[in-house]
Amino acid sequence: MSFDSIMFNLRASKSDKLRDSAIALPTGVTECRNISYGSYGNWNLLDVYYPTDTSEPLPTIVSIHGGGYVYGSKEIYRRYGMDMAKRGFAFVNFNYRLAPKWKFPTPLFDTNAVLNWVCKNAKRYHLDPSRIILLGDSAGAQLTSQYAAMHANPEYAALFQIQLAPVQIRCVGLFCGMYDMKERASGKRKGIHLDYLGRDLSPEDPRFAVLENIGSNYPPAFIATACHDFLRPCAEPMYRFLTKKGVDAQWHCYGTEEQEEIGHVFHVNIILPEARQCNDDAALFFAKYV
C-alpha cells in the first residue's frame, strides 16, 4: 500500500469513528447483519435493513461504499443505511475487496455478486430485483456510475467478461464522486490510483471509457455534492453530460462557503440538517422511478 493510501486510511478512520460516535442507531428498522454473498470471507459480507413490520417487497437500494478503493466497509454506512431504510426502502450495505491487494475491476465484480445475491434472496429479505436503486459516494460513486454503464450498454459490459445480474436498475445516486475514469487512468499513476489501477493497464484500455459508453438509456441520476467537497468540480459536469445524452438527472450542491463541515460525503453524517435535506431529496427522486 502506498504512503498516500496509508495516510488516507488513518485520516478517514479517525474521522469516521468520531462522526459515528455522535450518532445513535436509527430505530424502527430491522437489521440483518453479516450475511455472506461470496467466497472471500469478510470481504464478501453484507447487511440488509428494512422498516420494521415490512411484509412486501420494497424498492431496494444497493450502496457501494466510498474510500478511494483502499479504505472503507459497510460498518461506516450502517447508520446512513438504516436512516435511508426508514424512508421506505430496503437497503443493502456491503463490503468489497479493496486495493492494493485487489485491483481494478474487482469492486465491480463484487457489486455484481451482490446483485446476484439480491435476486436469489429477494423474498427472504423483502428485496425487489426489478426496482434497484444503485448508489455510492466518492469512489463508490465512480463504481456506481461505471456499473450502471455496464448494465445499460451490453457491448461495454462484454469487455469485463462477466454475466451481469438480472436486475433492473431504475435509477442511480451519485454522491461526491468523480466520473471520468479515463482521465484518472492517464498520466503517471501514483498513490491511490497506482494502488487501484496498477502499473500495467494502458490508459487506452477500453474498460476505462465509462463516459464514452453512456447513452440515453442510462438510468436517471441524482447527483449531489457540497460546497466543501474536494470533488465538487466533478458534479455539475456529470449532470450536464447526462442531460445532453437525454438522461433525466438532477444535481444539488449543499451547504455554504461558511459551513466547512459540509464537505466530502457529508450526507452520511445523518444528524446534519444538510445531510437530512440531501437524503430527503434523494429519496423523493428515487421514488419517481420505483
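This passage describes the sheet of a predicted model, two helices that pack on it, and one buried serine. Residues are numbered from 1 along each chain as its sequence is written. Local features need pLDDT of at least 70, side-chain atom pairs count only at pLDDT 80 or more, totals for chains, interfaces and linings use all residues, and side-chain values use heavy atoms, without hydrogens and water.

Eight strands (DSSP runs of E, at least two residues, numbered from the N terminus) form an open, mixed sheet. Their order is β1-β2-β4-β3-β5-β6-β7-β8. Strands pair if DSSP finds at least two bridges between them. β1 (29-36) and β8 (249-254) each have a single partner strand, so one side of each lacks a neighbour in the sheet. Neighbouring strands are turned by 20° against each other on average, direction ignored. β6 (169-175) and β7 (221-226) pair in the parallel sense over four bridges. Here leucine 174 stands opposite isoleucine 223 in β7.

Helices are DSSP runs of H or I, at least four residues. Helix α2 (78-85) packs on the sheet and touches β1, β2, β3, β4, β5 and β6 (contact: heavy atoms within 4.5 Å). Its direction makes about 35° with that of β2. Angles run from 0 to 180 degrees between N-to-C directions, with axes fitted to C-alpha atoms, for helices over the stretch in contact. Helix α9 (273-287) lies across β5, β6, β7 and β8, at about 170° to β7.

Serine 5 lies in helix α1 (3-21). Serine 5 counts as buried because its relative accessibility is 0%; buried means under 20% relative accessible area (1.4 Å probe, protein chains only). Beyond four places in sequence, serine 5 touches Val70, Gly191, Ile192 and Asp195. Its side chain makes a polar contact with that of aspartate 195 (2.5 Å). Such a contact is a pair of N or O atoms within 3.5 Å; within protein, one must be able to donate a hydrogen and the other to accept it, and residues adjacent in sequence count only if both atoms are side-chain atoms.

How values were computed:
Buried means under 20% relative accessible area, exposed over 50%, partly exposed in between (1.4 Å probe, protein chains only).
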